[in-house]
Amino acid sequence: MLAARGNNGRWLVVCSFGSLSNNQNMSYSKEDALSKARNDLAKRLGVKEQDVREGSVEETDFPDTSLGAGSDDEMSGQMITRGWRIKLQANNRTYEYRADRNQVRLYDFKGKNFLL
Amino acid sequence: MNRNNFLIHIALAVVLVLVAAFAGQLRRWQKEYKTRVRIIPAEEKTRRATTTAEVSEIEARTLTVPEVLVKFKPGVSESTIRSITAKFNDRVEDSIESVRGLEAIDDLDNADAVQTAAAYLALPEVEYAEPNYEISIEDLESNPVRPSDPRFTDQWALANDGQRGGTQGADISAMAAWSVTTGDDDIVIAVLDSGVDYTHSDLQNNIWQRPANVPKYVDDAAGTIQDLQGYNAITNDADPMDENGHGTHCAGIIGAEGGNDIGITGVNWKVRIMPLKFMNAGGFGTTKDAIEAINYVIDRKNKGVNVRVISASWGSTNRSQALEDVIKKAYEAGILFVAAAGNASTDNDRRPHYPSNYDVGNVISVAALDRNDQLASFSNWGAKHVAIAAPGAEILSTWLGDEYEEKSGTSMATPFVAGVAALIAANEPRISVDELRKRVVTSVDKLDSLKSKVASGGRINAAKALGAQ
């Protein structure tokens, strides 16, 4: 992301989004995935991270390589994939994240899935 | 001698002659018709069969199958042959008229046929001798072939002998199929996936290499690509190295090198796998990149590469007209498209899964079975939109890092069907894509568990597909 101030005094911010491949260079541990999920939820809800409580983290099998939480226009391998189902609580609601060593996803947030 | 004595002597002589003649005729009858009646030599009267066991023994002697076939050299007389067989306590059961000197010999001691043949072979009068092998209908139809790969015993999908609680015979009949063909490196099968680890020791000899007479791939956006062994649609370059493992696993099911004393064997011992990468290290990709990869395959086919099958172990519930259109183009190019039915445990007739649900003439949708011929708990089904089932649970195959892993999914079932299609093409190079699809989906073992679940009602049978059953 690049930020610059124009002649009119306004800031210009340029964002460059990498390909799906570039986002997947990191290898997540369970703790990494939990941390990323809490950080993400806090930002989405506009709350402090300490207000996001860990509900549960369970190891489980998902139906495909997108962990059953594929985004629009996404194709995934039809292979049973082991990962973690992470449940976080904030604002009296429970939110579900799904993760494996390759990815962290938010499942069914306002009807949609998101790849972090 | 007075007259009465003379007449008595004549009468006795006549009677003796008649008795002798009658005895000789009885021997001939016994030999020709193998009756139970035999002239019992005087010295054997005390040993006449009186028990059931002895009668059975006599019957067995007269009705037994000859153990050995012996060819005596030219010039060995019949009397010499009988003398030799008598010394071995054998007898000539039959003479083969069309081959002079060839005798079917019955070993009355019922010794081992191999040893008996060896004893005859040691004689100077014998040209050759061999056991009288039993030929069964199964032998006439097929001669099951077993690969030397050390982990073949773990590949229940190819040969299920009930290992780990499985059901014997719940497999794709690969060993019988291999009596017809083990594949051919003239057949190219495109694995459209997360790429393939083309350095894996059990895959490297079955990876497609662009022939010198096929021009490099030209992409409108990227220009000329030095595609030596496949294509990466994500980065639009020539390196389809797998970073996830999924594609490598599927490739191994199709064509891990067979009979190389390493790891496992694929459905095809020998084949050319064309790696196409459109899914990333996470195992997912975009529709656009899938289309680009299929476009590459069609281009290579049009440039003379014998690509016969695309194996597509991926999908979603999102329908794409663009993707359907390019699959139709692959159909027009004569390429079969085998796709996973999905793992949501749902009915694809009610909740479509793509690309397996596209109604295009080259598409075969595949459900997954477990090692007991039951629909896998995760597998989608569809009496109309899922064509066939194949093993897809606890499947051992190649993985990253020169390793092997067991995985489950309709992803795993799909390459078994794609692999069988490649075997058919290897055996019948001129078969059309329509005939190929028809042969695959009609060559099944019907299963009760698949009734009203898949259109064919059955599990892929590779041997039937090749006419070996």
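The expected span of a helix is 1.5 Å times one less than its number of residues. That rule gives us a handy way into this predicted model, starting with a helix of chain B.

**A helix at the heart of chain B**

Helix α10 of chain B covers residues 410–427, which makes 18 residues. At 1.5 Å a residue it should span 26 Å, and its end C-alpha atoms are indeed 26 Å apart, so expectation and model agree. The helix is also mostly covered, with 17 of its 18 residues buried.

Where do those buried residues fit in? The largest nonpolar core has 108 residues, and α10(B) gives this core its largest share, 12 residues. The residues with the most contacts inside this core are I189(B), V366(B), V417(B), V420(B) and A421(B). In soluble globular proteins, nonpolar side chains tend to be buried together.

I189(B) is a good residue to click on. Leaving out residues up to four places away in sequence, I189(B) touches a list that includes I254(B), V271(B), I273(B) and M274(B). R308(B), V309(B) and S311(B) are also touched by I189(B), as are A418(B) and A422(B). Apart from this core lies another, of 12 residues, among them L41(A), V52(A), L88(A) and Y97(A).

**Chain A and its contact with chain B**

Chain A has one helix and eight strands, arranged along the sequence as β-β-α-β-β-β-β-β-β. Of its 116 residues, 33% are buried. Among the contacts in chain A with a separation of 6 or more, 45% join residues 24 or more positions apart.

Which residues meet across the two chains? The contact takes 20 residues from chain A and 30 residues from chain B. On the side of chain B, β10 (284–286), α8 (287–302), β12 (314–315) and α10 each supply at least two residues. That side of chain B divides into 10 nonpolar residues, 19 polar ones and one charged.

Strands also pair across the contact. Strand β4 of chain A (residues 74–77) runs antiparallel to β10(B), and three bridges join them. One pairing to look up is M75(A), whose bridge partner in β10(B) is G285(B).

**Domains of chain B**

Chain B is divided into domain 1, residues 63–134, and domain 2, residues 145–465. Taken over C-alpha atoms, the centres of these two domains of chain B are 54 Å apart.

**Backbone angles worth a look**

Most residues other than glycine have a negative phi, and most peptide bonds are trans. Chain B offers two residues that have a positive phi although they are not glycines, D261(B) and E394(B).

| Residue | Phi | Loop in chain B | C-beta neighbours inside 10 Å |
|---|---|---|---|
| D261(B) | about 60 degrees | between α7 (246–255) and β9 (270–277) | 9 neighbours |
| E394(B) | about 55 degrees | between β15 (388–391) and β16 (395–399) | 17 neighbours |

Are these residues exposed or partly exposed? A residue is exposed if it has 12 or fewer such neighbours, buried if it has 20 or more, and partly exposed in between. With 9 neighbours, D261(B) therefore counts as exposed, while E394(B), with 17, counts as partly exposed.

There is a cis peptide bond to visit as well. The bond from Y354(B) to P355(B) is cis, with omega near 10 degrees. P355(B) sits in the loop between β13 (336–340) and β14 (363–369) of chain B.

Definitions and conventions: Residues are numbered from 1 along each chain as its sequence is written. Chains are lettered from A and ligands numbered from 1 in the order in which they are written. This is a predicted model: local features need pLDDT of at least 70, side-chain atom pairs count only at pLDDT 80 or more; totals for chains, interfaces and linings use all residues. Helices (H or I, at least four residues) and strands (E, at least two) are DSSP runs, numbered from the N terminus. Two residues are in contact if their C-beta atoms, placed from the backbone, lie within 7 Å. Ala, Val, Leu, Ile, Met, Phe, Trp, Tyr, Cys and Pro count as nonpolar, Asp, Glu, Lys and Arg as charged, and the others, Gly among them, as polar. Two strands pair if DSSP finds at least two bridges between them. Domain bounds come from an automatic or database domain assignment. A nonpolar core is a set of buried Ala, Val, Leu, Ile, Met, Phe, Trp, Tyr and Cys residues joined through C-beta atoms within 7 Å.
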